[in-house]
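User: I am new to this structure and would like to go through some of its features by question and answer. Please show it to me before we begin.

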Amino acid sequence: MVQNIQGRARPAPETSLPAAACISEELLRRFDVSGPRYTSYPTADRFVEAFTLEQYQQALAQRSGGSQIGGNTPLSLYIHIPFCESVCYYCACNKVITKHHDRATEYLQALVTEMDLTLEHLGRGAAVSQLHLGGGSPTFLSDAELSQLMADLLERFRLAPGAEVSIEVDPRTVTNERLAHLRQLGFNRLSFGVQDFDPEVQKAVHRQQSYESVEALMTAARTLGFESTNVDLIYGLPLQTPESFARTIAQVGALKPDRIALYGYAHLPQRFKPQRRINEAELPVAGDKVTMLAAAISGFEQHGYSYIGMDHFALATDSLAVAKRQGRLHRNFQGYSTQPDCDLIALGVSAIGRVGASYSQNAKTLDEYYDSLRQGQLPIQRGLALTRDDIVRRAVIMALMCQGRLEFESIELAHLVDFESYFRPELERMRGLAEQGLVTLEPGAIQVTAMGWYFVRAVAMVFDRYLQADRSRERFSRII
């Protein structure tokens, strides 16, 4: 059940989606546009270099003020490990492709320097409720290097009881013994990068790994007592067809991970050089992509998964599914999350964090990152101090993305605005989406329909002041 602003319970919104065949070609053409994923609002492309290191340091100091252990709300911690041994052609992450593992030594030393510079303003011993290692590929690091990194972190931060400690795993770089070492270090959640099990698709994106190898790792993870396993998939890759992807869906369903992240491939070769190696003629058309999405939703539901929204599925007993049912779902830079709206300290090259009413991003190249740290400065390169309007719109967009329902009164009470007056132009545009069947307009509320979940990004985009101002979307992925 979901609580409304007065505390009265009402049923959670229906999220069962219709078959792809129900979606008209006209609707597909209308919404075959680019748009943000809204892991933040404003989105990272709106960050500016005018945001200063001093502003970030002030945000850290404000958080630490009034508490001897570094803040009175839980903290999320993200560490970016950029290294990979080989390039995946679809990848849009900030990465360094190298087979020289000795490059990790300097990087780990730099991370310690960044931690210490951060703690000068934040204070030591801050409670961390969520710790995540991403990349790149964190399992590029050796067992000894991972041990040292965790020791350095735990010397400076304090894990809260029940903290989620997760790491992204390239199945090609780990063995059962390595998983046992990760468990020993305190990791309780794993995310396996799979993308697709079809051999031809794997070859087309330069990431080849067998179903059997992933199955063996999943079995080992359960034996070792990991609390949760996640599998990442991508639809819309070259040579994928609805039929081939249906086989991958069935294979993942048989693996039974606790969570599944299903992302639509964003082909932006003008921004991401590795994607230029992909043959655009081999990419599936929008109609096939929505068929894949519909089949995935249907297939995973048949295997016992709840559809969390846009790109996440979870077994009904998983904390993410429970949070969705209880109206406690959130969204951050890693996607949907059970964590409340808390600060995120991000460490490492290109890492994006959030402290108070500000976002910040580190230098994007190793040279710039190292240079700042050598000068005794945090490597903040750009960011954004949120305005009051940003904060109001963020609340609206996250309500739509996470709950599929927006109660005007909740926004009015939290932000002291008259919703219908403040968002009059947006509500006018929302009527067009209602006519298309994507939302239902109720007195004092907007409800995303079952059909609308396919296009929830388009619904959220109506409230994006930056997009409405410049209409420039080429930097984003396609909605479908």
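The turns below deal with a cavity, some strands, aromatic rings and two loop residues in this predicted model.

User: How many cavities of 30 Å³ or more are there, and what is the volume of the second largest cavity?

Analyst: The count of cavities of 30 Å³ or more comes to 3. For the second largest cavity, the volume is about 40 Å³.

User: Which element gives the most residues to the lining of the second largest cavity?

Analyst: The lining is made up of L77, V128, L131, L153, L154, F157, R158 and L159. Two or more of these residues come from each of β7 (126-135), α4 (143-156) and β8 (157-169). The element that gives the most, with 3 residues, is β8.

User: How many residues of the lining of the second largest cavity are nonpolar, polar and charged?

Analyst: Among the lining residues are leucines such as L77 and L131, and also R158. Leu counts as nonpolar, whereas Arg counts as charged. By class, the lining has 7 nonpolar, no polar and 1 charged residues.

User: How many bridges join β7 to β8, and what is the handedness of the crossover between them?

Analyst: β7 and β8 run parallel and are joined by 7 bridges. One position where they face each other is A127, which stands opposite R158 in β8. Between the two strands the chain passes through α4, and this β-α-β crossover is right-handed.

User: Which residue in β9 is the bridge partner of I167?

Analyst: Strand β9 covers residues 189-195 and runs parallel to β8, with 4 bridges joining the two. The partner of I167 in β9 is L190.

User: How many aromatic pairs are counted, and what is the angle between the planes of F408 and F419?

Analyst: The count comes to 18 aromatic pairs. One of them is F408 with F419, whose centres are 4.1 Å apart. The pair is classed as stacked because planes under 30 degrees apart count as such, and here the angle between the planes is 10°.

User: Where in the chain do F408 and F419 lie, and are they buried or exposed?

Analyst: F408 belongs to helix α13 (residues 408-415) and F419 to helix α14 (residues 419-422), 11 residues apart. The cut-off for buried is under 20% relative accessible area. F408 is at 6% and F419 is at 0%, so F408 is buried and F419 is also buried.

User: Why is the pair of Y422 and F423 edge-to-face, and which of the two residues is buried?

Analyst: The ring centres of Y422 and F423 are 4.9 Å apart and their planes are at 65°, so the pair is edge-to-face. Y422 has a relative accessibility of 28% and counts as partly exposed. At 0%, the residue that counts as buried is F423.

User: Which residues are linked into a cluster by ring pairs?

Analyst: This cluster is built from ring pairs, for which the centres must lie within 6.5 Å. Its residues are F83, Y107, F140, Y369 and Y370.

User: How far apart in space are L329 and I308, C-alpha to C-alpha?

Analyst: L329 sits in the loop between α10 (319-325) and β14 (330-332). With 5% relative accessibility, L329 counts as buried. L329 and I308 are 21 residues apart in sequence, and their C-alpha to C-alpha distance is 8.8 Å.

User: How far apart in space are L237 and Y265, C-alpha to C-alpha?

Analyst: L237 is found in the loop between β10 (228-235) and α8 (242-255). Its relative accessible area is 0%, so L237 is buried. L237 and Y265 are 28 residues apart in sequence, and the distance between their C-alpha atoms is 6.2 Å.

Conventions
Residues are numbered from 1 along each chain as its sequence is written. This is a predicted model: local features need pLDDT of at least 70, side-chain atom pairs count only at pLDDT 80 or more; totals for chains, interfaces and linings use all residues. Side-chain values use heavy atoms; hydrogens and water are left out. On a 1 Å grid over the protein atoms alone, a cavity is a set of points where a 1.4 Å probe fits but cannot get out, and a pocket is an open set with protein on both sides within 12 Å along at least five of seven lines; lining residues have an atom within 4 Å of a point. Grid points are joined across faces, edges and corners, and a volume is the space filled by probe spheres set on the points. Two strands pair if DSSP finds at least two bridges between them. A crossover is right-handed if, with the strands pointing away from the viewer, the path from the first strand over the helix to the second runs clockwise. Rings of Phe, Tyr and Trp (its six-membered ring) pair if their centres lie within 6.5 Å; planes under 30 degrees apart count as stacked, over 60 as edge-to-face and the rest as tilted. Buried means under 20% relative accessible area, exposed over 50%, partly exposed in between (1.4 Å probe, protein chains only).
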